[in-house]
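Please read these notes with the sequence and the structure side by side, taking one point at a time.

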Amino acid sequence: MEKRVFQTINEEVSLLGFGGMRFPTKDGEIDYELSSKMVDIAYKNGVNYFDTAYPYHDGKSELFFGKAMKKYDRKSFFLATKMPLWAIKSREDAERIFNEQLEKLQTEYIDFYLFHAVDKGRWEQIKNLDLISFCEEKIKEGKIRHLGFSFHDEYDVFEEIITARKWDFVQVQLNYIDEREQAGLKGYELTKKLDIPVIIMEPVKGGTLARLPDEVDKLYKDYNPDASTASWAMRWCGSLDNVKLILSGMSSPEQVLDNLKTFSNFSPLNEEEKALVNKVAKVLLSREKNPCTDCRYCLPCPAGVNIPANFDRWNKYHVYGDKENAVKRWTDFKDEEKAKNCVKCGLCETKCPQKINIREDLAALQAELDGLCNL
């Protein structure tokens, strides 16, 4: 397993991190047996970083890790979780939720603690409630080892936050499609200048870059028929030298094994391979309708619209061009969760990390997919 050193904190961490956002489920709950098997496979093959957050799987991801990791020496792996800023109205809230997280994770300390999904508004909240000093107190108490933040906003906001203090690390969304989105490659270059290690989330853009249409995927297969589609996205991220960890929200044993293959004896992209990835990116960007990553920050919708599920159907139709599958997925979709139920309140747009024009896109996709079914 490829390992890299977080230069600011002298921690050697596996380049592949296990994200606890997309575990397989059974009857609406995390499938503990299967998910635990996946974590065990990863751990036994050198993965030593396990990432979760307060809201993942309706609050049960932290509980899962607390139970699943109990069999292992606590000092043999790193646990990461995040402060849910939307639920914090006071330092008392921060204290209560932090203690709850420790209890759920069955641990006395958290190795990597992050302010979750920071944007301009949440940065002001962090400052107003003096939440940095709260976390610094936890560091002195030995309950937090390293402090950082995950980011979802524009570059200017990123620059303001990352230069506000000497962070131990930063977590950003970055992949070969999103070079100019949010902090983007410009933000990545700033992390190098400031000597702050980078953790990457959404390396395959919510799974999009692991499932390409045949005519696009053929570009990869012609070059290397043995390499998975997802491995190209992972290697693009890992070819950036200040990237110390790449999170993957794995949802099947097959995904775990494929990632282990990629990150064992890891090979950065050569110049010819970089050119190929850039070519694929240009083709894909010309097909997708909007950049939804299924992060689900837009939910719950007051009108009951399942916003990410609507966008998933719309985007996949345009990316893949599979009309039969698009019709089936649209007709099987719960009527009460469809875009047509949007009341245009705009609440979702205030929470969307991708700054999508959600209301406008919901109206467009409803008309298009309805029309597709009537052809």
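1. How many bridges join strand β3 to strand β6? In this predicted model, β3 (residues 16-19) and β6 (residues 49-51) run parallel and are joined by 2 bridges, and within this pairing F18 stands opposite F50.

2. Strand β3 also pairs with strand β12 (residues 243-248), to which 3 bridges join it, and these two strands run parallel as well. Here G17 is the residue of β3 that stands opposite L247 in β12.

3. In a regular strand the side chains alternate between the two faces of the sheet. Along β3, L16 and F18 point one way while G17 and G19 point the other way, and all of these residues are buried.

4. F18 and F50 appear again in the largest nonpolar core, which has 87 residues and in which they are among those with the most contacts, together with M83, F115, F149, W167 and Y176. The largest share of this core, 6 residues, is contributed by helix α9 (residues 229-238). A second core, separate from this one, has 21 residues, including C292, W330, A339 and L369.

5. Y176 deserves a look of its own: beyond residues up to four places away in sequence, Y176 touches L209, L212, Y220, A233, W236, V277, V280, A281 and L284.

6. Is S150, a residue of strand β9 (residues 144-151), buried or exposed? S150 counts as buried because its relative accessible area is 1%, where the cut-off is under 20%. Leaving aside neighbours within four places in sequence, S150 is in contact with L114, F115, H116, A117, V118, Q171 and M201.

Note on methods: Residues are numbered from 1 along each chain as its sequence is written. This is a predicted model: local features need pLDDT of at least 70, side-chain atom pairs count only at pLDDT 80 or more; totals for chains, interfaces and linings use all residues. Side-chain values use heavy atoms; hydrogens and water are left out. A nonpolar core is a set of buried Ala, Val, Leu, Ile, Met, Phe, Trp, Tyr and Cys residues joined through side-chain atoms within 4.5 Å. Buried means under 20% relative accessible area, exposed over 50%, partly exposed in between (1.4 Å probe, protein chains only). Helices (H or I, at least four residues) and strands (E, at least two) are DSSP runs, numbered from the N terminus. Contact means heavy atoms within 4.5 Å. Two strands pair if DSSP finds at least two bridges between them.
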